[in-house]
Amino acid sequence: MTAQNPHRHRPRADTGWDAVVVGARVAGASTALLLARAGLRVLVVDRARRGSDTLSTHALMRGGVLQLRRWGVLDRVAASGAPPVRRVTFHYGDESMPVVLKPSAGVDALYAPRRTVLDALLVDAAEEAGAQVRFGCAVTDLARDGAGRVIGVVLRDGGGATRTEKARLVIGADGRDSVVAARVAAPTIAAGAHTAAYAYGYWPAAGVDGYHWHYGDGLSAGAIPTNDGLACVFVGGPPAVVGAASRHRRPLAVQRELLARLDGGLADLAAAPPAGPVRVFRGVPGRLRRPYGPGWALVGDSGWWKDPLSTHGITAALHDAELLTAAVVAGAASQPAAQPALAGYQERRDRLALPMHPIVDRLASHEWDHAEVRRLLRGLSAVMAAEVDAILDLDPAPARTG
């Protein structure tokens with residue numbers, strides 16, 4: 001890996017940055033990495049501290065692993081100690097269906113790294129490519145020109161000082177409650193009708209063999225092996241069910257009660273002391289937003305929030321990052337935010353998002369029986385297979401530069 005040139009991506013006083021990316025987690029760091037490798041001047045800002053954690057189910061699908069391999073980051077994920085996953089077991093009540101992962105598209109294992117690992121690796125790679133990353137900086141507003149076009153961000157640092165950073169394109173990668181999406185009033189293309197709530201925790205589980213997904217009796221659960229010999233264990237259901245279990249009770253008790261109610265074998269795993277606190281996510285409906293406008297774009301959960309039961313948030317964010325980068329680079333000869341190119345980004349994203357959205361929304365309802373959930377999962381698998389084909393059809397990813 002060549003050393004970063006500290007002067008390479010300083011903005012010019014007249015134009016500012018080519019892109020300011022708001023959010024330094026998977027979607028933002030990946031987008032910054034690819035844009036910087038393509039030679040653009042990129043600034044990334046995030047209100048959190050470097051290395052902070054975030055609630056996640058971690059699991060990468062084949063498309064996500066393929067993206068990381070294309071970018072030269074997968075070896076770092078494997079070296080982090082995240083165990084390779086070559087077996088996925090689906091549990092429908094008392095019936096278990098193990099599936100062995102077949103090597104395909106250059107992928108022979110899946111991974112589920114902790115977010116403290118994956119996010120940091122992507123930030124490091126973005127910085128090595130020349131992007132500047134500033135943590136502890138919150139976006140309070142967007143800067144606009146006289147015509148209303150977004151031309152930058154207004155930042156506040158930890159000491160309360162504010163400043164404006166100008167950019168040809170502002171990219172919102174700041175999650176489902178995106179400040180960028182709210183400030184530009186990004187239109188909603190499709191909205192979910194169902195919401196699910198989840199309890200998450202980590203348990204010592206070095207013996208967990210691959211991903212385990214459980215479905216039954218109005219509840220869902222999963223066990224996902226990750227770094228440090230731990231497994232992320234979640235259980236979810238309708239908010240009324242999870243809320244009733246959590247009323248006046250600690251999250252750990254909620255987790256154990258719901259896992260016992262599901263009776264899928266995970267209750268025994270969760271009977272041991274957890275490695276850290278159990279947290280409850282109350283849930284919000286899925287939402288697909290238009291991901292671009294004059295001077296702005298959205299990537300990851302900012303543009304497409306999907307229920308965690310999709311197990312597809314990270315993979316979709318990685319794919320979106322490459323689609324958006326291709327669109328920005330295609331318009332860079334005149335202006336990186338060229339509207340036709342960004343319209344193409346939306347079209348390519350929505351080829352997968354629109355078919356997946358109703359499937360995930362129905363999964364979030366937890367109103368299915370075993371026969372229906374199998375049909376839904378087959379539909380989800382078909383969309384994910386189409387995603388892998390779409391990734392393989394992409395132009396070569398921007399090479400490392402420095």
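Good morning. I begin with Glu367, which is exposed at a relative accessible area of 52%. Please bear in mind that the model under discussion is predicted. The side chain of Glu367 meets that of Arg362 in a salt bridge, at 3.2 Å from N to O. Arg362 itself is partly exposed, with a relative accessible area of 25%.

This pair belongs to a wider set, since the structure holds 21 salt bridges. One of them joins Glu95 to Arg374, with the closest N and O atoms 2.5 Å apart. Glu95 sits in strand β4 and Arg374 in helix α11, residues 370-392, so this contact ties together parts that are 279 residues apart in sequence. Both ends are partly exposed: Glu95 has 39% relative accessibility, and Arg374 has 21%.

A further example lies within helix α10, residues 339-365, where Arg351 and Glu347 are four residues apart and hence separated by about one helical turn. Their closest N and O atoms are 2.7 Å apart in a salt bridge. Arg351 is exposed at 54%, whereas Glu347 is partly exposed at 39%. There is also a network of salt bridges, which links Asp18, Arg41 and Arg168.

I turn now to the sheet. Seven strands make up an open sheet of mixed pairing, in the order β4-β3-β11-β12-β13-β10-β14. Its edge strands, pairing on one side only, are β4 (95-100) and β14 (279-281). On average, neighbouring strands are turned by 15° against each other, direction ignored.

Within the sheet, β12 (residues 219-225) and β13 (residues 230-237) run antiparallel and are joined by six bridges. Ile224 has Cys232 of β13 as its bridge partner. Helix α6, residues 239-246, lies across β10, β12, β13 and β14, at about 110° to β13. Helix α7, residues 251-262, also packs on the sheet; its direction makes about 75° with that of β13.

Let me close with helix α4. How many of the 15 residues of α4 are buried? The number is 11, so the helix is largely enclosed by the rest of the structure. Among the buried residues are Arg115, Asp119, Leu122 and Glu127. Their cover includes α1, α2, α3, β5 and α9. The helix reaches 21 Å from its first C-alpha to its last, close to the 21 Å expected. Gly130 follows, with a positive phi near 120°.

Leu122 also appears among the contacts of Ser30, together with Arg25, Trp71, Leu318 and Ala321, leaving aside residues up to four places away in sequence. Ser30 is found in helix α1 and is buried, with a relative accessible area of 0%.

Conventions. Residues are numbered from 1 along each chain as its sequence is written. This is a predicted model: local features need pLDDT of at least 70, side-chain atom pairs count only at pLDDT 80 or more; totals for chains, interfaces and linings use all residues. Side-chain values use heavy atoms; hydrogens and water are left out. Helices (H or I, at least four residues) and strands (E, at least two) are DSSP runs, numbered from the N terminus. The expected span of a helix is 1.5 Å times one less than its number of residues. Buried means under 20% relative accessible area, exposed over 50%, partly exposed in between (1.4 Å probe, protein chains only). Contact means heavy atoms within 4.5 Å. Two strands pair if DSSP finds at least two bridges between them. Axes are lines fitted to C-alpha atoms, for helices over the stretch in contact, and angles run from 0 to 180 degrees between N-to-C directions. A salt bridge is a side-chain nitrogen of Lys or Arg within 4 Å of a carboxyl oxygen of Asp or Glu.
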